[in-house]
Amino acid sequence: MLLHDMADRLNTVADQLPLTDQIRPDPALSEILDDEVRHLARLLGYLVGEHAFRHRAAARSPAQVTAAQRRTSLALARAAEPAAAALAALGGAVHHLGQLADLTHQAPGPARTQAYSAAHQGLVDRLGESRTCLARAAKQLRAAADSRPAPKATALPPPRATAAASRTR
């Protein structure tokens, strides 16, 4: 349940990011980035904190740790890397958005047009990279959650004949 919940939350952050054809360098995008960077930073903090908690618990009582708990802890740790990469990509997007805002105050000309195109492409690339990283983290969490071994099937004992059932009427 925890892993699916975290995957859903990461997907929610990705879903809030604009698609390539929706990226416009305006204040609304700044607000979106502000919100989603905060959400993602909290989620990354939660992933790391939950893993650290489980790691400390396993170190204190190694005999009580189950295989499922180890898999969950490892899945949380593995998801931290792409989540952090997504956060870094969002940082890059903020950088490019700042460049675009600055370029609007410069004198028009071929150099500005070229710099604007490069900054816009960088913004598009960083947002796409972030979405990809978030999708990868969510996929890893779901795969770990869904890879639990099936419960062992126990054979039911054959029905015992009882004295009442064996009587003929």
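These legends go with four close-up views of a predicted model.

**View 1. The whole protein is built from five helices and zero strands.** Along the sequence the pattern reads α-α-α-α-α, with helices (H or I, at least four residues) and strands (E, at least two) taken as DSSP runs numbered from the N terminus. Of the 169 residues, 28% are buried, meaning under 20% relative accessible area with a 1.4 Å probe, protein chains only.

**View 2. Helix α1 covers residues 2-16.** From first C-alpha to last, α1 reaches 21 Å, close to the 21 Å expected at 1.5 Å a residue; the expected span is 1.5 Å times one less than the number of residues. L3, M6, A7, L10, V13 and A14 are its buried residues. They fall within an arc of 120 degrees seen down the axis, so they line one face of the helix; the arc is taken from the directions from the helix axis to the C-beta atoms. Their cover includes α2 (27-60), α3 (67-103) and α4 (110-146).

**View 3. The largest nonpolar core holds 36 residues.** Such a core is a set of buried Ala, Val, Leu, Ile, Met, Phe, Trp, Tyr and Cys residues joined through side-chain atoms within 4.5 Å. Those with the most contacts inside it are L10, L33, L40, L123, L127, L134 and L141. α1, α2, α3 and α4 each chip in at least two residues.

**View 4. Here are the neighbours of L33.** Leaving out residues up to four places away in sequence, L33 touches L17, L90, A93, V94, L97 and L127, a contact being heavy atoms within 4.5 Å.

**Notes.** Residues are numbered from 1 along each chain as its sequence is written, and side-chain values use heavy atoms, without hydrogens or water. Local features need pLDDT of at least 70 and side-chain atom pairs count only at pLDDT 80 or more, while totals for chains, interfaces and linings use all residues.

Definitions and conventions
Buried means under 20% relative accessible area, exposed over 50%, partly exposed in between (1.4 Å probe, protein chains only).
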